[in-house]
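Trainee: I'd like to learn how to read a few features in a model like this one. Could we go through them together?

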Amino acid sequence: MAAEIVNPRSDSDTGQDGGAEPLDSIDPAFALHRGGKMAVQATVPVRDKDDLSLAYTPGVAKVCSAIAEQPDLVHDYTWKSSVVAVVTDGTAVLGLGDIGPEASLPVMEGKAILFKQFGGVDAVPLALACTDVDEIIETVVRLAPSFGGVNLEDISAPRCFEIERRLQERLDIPVFHDDQHGTAVVTLAALRNAARLSGRSIGDLRAVISGAGAAGVAIAKMLVEAGIGDVAVADRKGVVSADRDDLTSVKRELAGFTNKAGLSGSLEDALAGADVFIGVSGGTVAESAVASMAEGAFVFAMANPDPEVHPDVAHKYAAVVATGRSDFPNQINNVLAFPGIFAGALQVRASRITEGMKIAAAEALAAVVGDDLAADYVIPSPFDERVAPAVTAAVAAAARAEGVARR
């Protein structure tokens with residue numbers, strides 16, 4: 001019989017009679033999350049009245065007045081240039097879907113501590129109690145003066161595309177939807193190394209992406225930008241192609257720059273002879289379709305917790321296999337990208353994150369593997385201490401080269 005789910009802060013958790021087994025004793029995840037996973041900590045001492053007079057009144061008034069006269073000083077005398085807002089509406093949380101803002105908070109806290117752990121960037125979770133596109137945009141715009149960047153997280157497609165675009169148009173700080181671009185950066189890095197391992201270039205490859213949501217669209221755009229030979233994207237109804245009359249505006253745009261071969265039909269049809277499979281949709285791909293791919297193919301099956309193609313099956317036919325899971329080699333994990341990307345952008349006070357900055361991040365990430373490249377090592381571990389500095393430096397340099405850096 002399953003234990004009763006109770007409020008984690010009920011009397012039963014404090015040893016008082018409550019009649020139900022505490023969640024902390026059922027699963028260690030609850031014990032770890034008790035009280036939240038993060039806190040605000042001062043960076044200056046407040047030990048006596050002299051410290052207090054500098055950290056708060058009257059000393060703080062001098063700083064406020066100086067910023068009022070020279071607004072750019074806010075970057076030097078507040079935390080603005082080192083802090084990111086992690087914003088969600090709770091509509092597309094992990095594999096859980098639309099679970100609402102409160103239920104999204106454990107994920108947003110997790111994202112914030114990953115920013116700090118892997119990029120040295122402070123981040124604040126902001127779970128919004130609204131799902132209307134205009135309301136989300138207006139809310140974030142009003143909050144923006146407190147932050148150096150905005151990381152959009154777990155917002156469902158196709159709204160996420162419009163929200164990111166319109167926010168970046170209105171704000172002069174980076175706006176980055178990690179579900180799109182973080183996934184794309186890490187995928188491109190792994191694909192570059194897989195191609196290098198096989199003696200090919202990106203331009204030699206034909207890829208098929210399963211999933212035309214946020215990640216699938218962003219990956220397709222980045223692969224085209226990087227010079228992929230060809231890429232086709234499939235949704236639930238088959239290959240996204242210009243001859244379909246049921247496409248959303250996002251998918252019509254997608255059809256315009258993908259599928260040069262003019263493929264139609266199902267995902268399985270498109271996989272025949274393909275060099276690369278990239279899965280960001282869930283579901284299951286038939287083994288026969290994987291077997292129909294080109295010799296020396298790459299299978300990146302990234303759905304969690306169940307990959308579209310199980311690695312045991314993929315290894316029968318593919319030269320390189322990657323998943324989104326940490327218990328298999330070659331994990332495509334966004335944490336390899338977003339901390340360094342934001343750290344680099346904040347370092348130079350970039351006004352936005354450009355395609356060139358994302359390509360630079362992918363190239364730097366791929367380069368970390370270096371001469372250790374192997375079929376089970378085309379992408380570094382998130383715990384490789386070389387990753388964040390390499391990505392940070394590459395992104396900062398690209399921002400300067402593209403004219404979006406302000407220092």
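Trainee: Let's start with empty space: how many cavities of 30 Å³ or more does the count come to?

Mentor: First, some ground rules. This is a predicted model, where local features need pLDDT of at least 70 and side-chain atom pairs count only at pLDDT 80 or more, while totals for chains, interfaces and linings use all residues. Residues are numbered from 1 along each chain as its sequence is written, and side-chain values use heavy atoms, with hydrogens and water left out.

Mentor: Now the idea: on a 1 Å grid over the protein atoms alone, a cavity is a set of points where a 1.4 Å probe fits but cannot get out, and lining residues have an atom within 4 Å of a point. Grid points are joined across faces, edges and corners, and the volume is the space filled by probe spheres set on the points. Here the count comes to two cavities of 30 Å³ or more.

Trainee: What is the volume of the largest cavity, and which residues line it?

Mentor: Its volume is about 50 Å³. The lining of the largest cavity is made by His 75, Ser 81, Gly 148, Ile 173, Ala 345, Leu 346, Arg 349, Ala 350 and Arg 406. For classes, Ala, Val, Leu, Ile, Met, Phe, Trp, Tyr, Cys and Pro count as nonpolar, Asp, Glu, Lys and Arg as charged, and the others, Gly among them, as polar. That splits this lining into four nonpolar, three polar and two charged residues.

Trainee: And which residues line the second largest cavity?

Mentor: That one holds about 40 Å³ of space, and its lining consists of His 181, Ala 184, Ala 218, Lys 221, Met 222, Glu 355 and Lys 358. Two or more lining residues each come from α9 (178-197), α10 and α16 (355-369); α10 gives the most, with three. Those labels follow DSSP runs, helices being H or I with at least four residues and strands E with at least two, numbered from the N terminus. By class, the lining of the second largest cavity has three nonpolar, one polar and three charged residues.

Trainee: Next, helix faces. Which residues of α11 are buried?

Mentor: Buried means under 20% relative accessible area, exposed over 50%, and partly exposed in between, with a 1.4 Å probe and protein chains only. In α11 (residues 249-257), the buried ones are Val 250, Lys 251, Leu 254 and Ala 255. Looking down the axis of α11, they fall within an arc of 140°, so they line one face of the helix. The arc is that of the directions from the helix axis to the C-beta atoms.

Trainee: What does that buried side pack against, and which exposed residues does the other face carry?

Mentor: Using contact as heavy atoms within 4.5 Å, the buried residues of α11 pack against α8 (159-170), α10 (214-225) and β6 (230-235). Turned away from them are the exposed residues Ser 249, Arg 252 and Gly 256. Just past the helix, Asn 259 has a positive phi of about 55°.

Trainee: How many salt bridges are there?

Mentor: The rule is a side-chain nitrogen of Lys or Arg within 4 Å of a carboxyl oxygen of Asp or Glu, and the count comes to 26. One of them joins Arg 166 and Glu 162 at 2.8 Å, N to O. Both residues sit in α8, four residues apart, about one turn of the helix. Arg 166 is partly exposed at 22% relative accessible area, and Glu 162 is partly exposed at 32%.

Trainee: Which residues are linked with Lys 251 in a salt-bridge network?

Mentor: Lys 251 is linked with Asp 235, Lys 237, Arg 244 and Asp 246. Within that group, Lys 237 bridges to Asp 246, with the closest N and O atoms 3.5 Å apart. Lys 237 is exposed at 64%, whereas Asp 246 is partly exposed at 32%.

Trainee: Last one, the backbone. Where are the cis peptide bonds before Pro 58 and Pro 305?

Mentor: One runs from Thr 57 to Pro 58, with omega near 10°, and Pro 58 is in the loop between α3 (49-55) and α4 (59-69). Another joins Asn 304 and Pro 305, with omega about 0°; Pro 305 is in the loop between β9 (297-301) and α14 (311-317).

Terms used:
1 Å grid on protein atoms, 1.4 Å probe; cavity = no way out; pocket = protein on both sides within 12 Å on 5 of 7 lines; lining within 4 Å.
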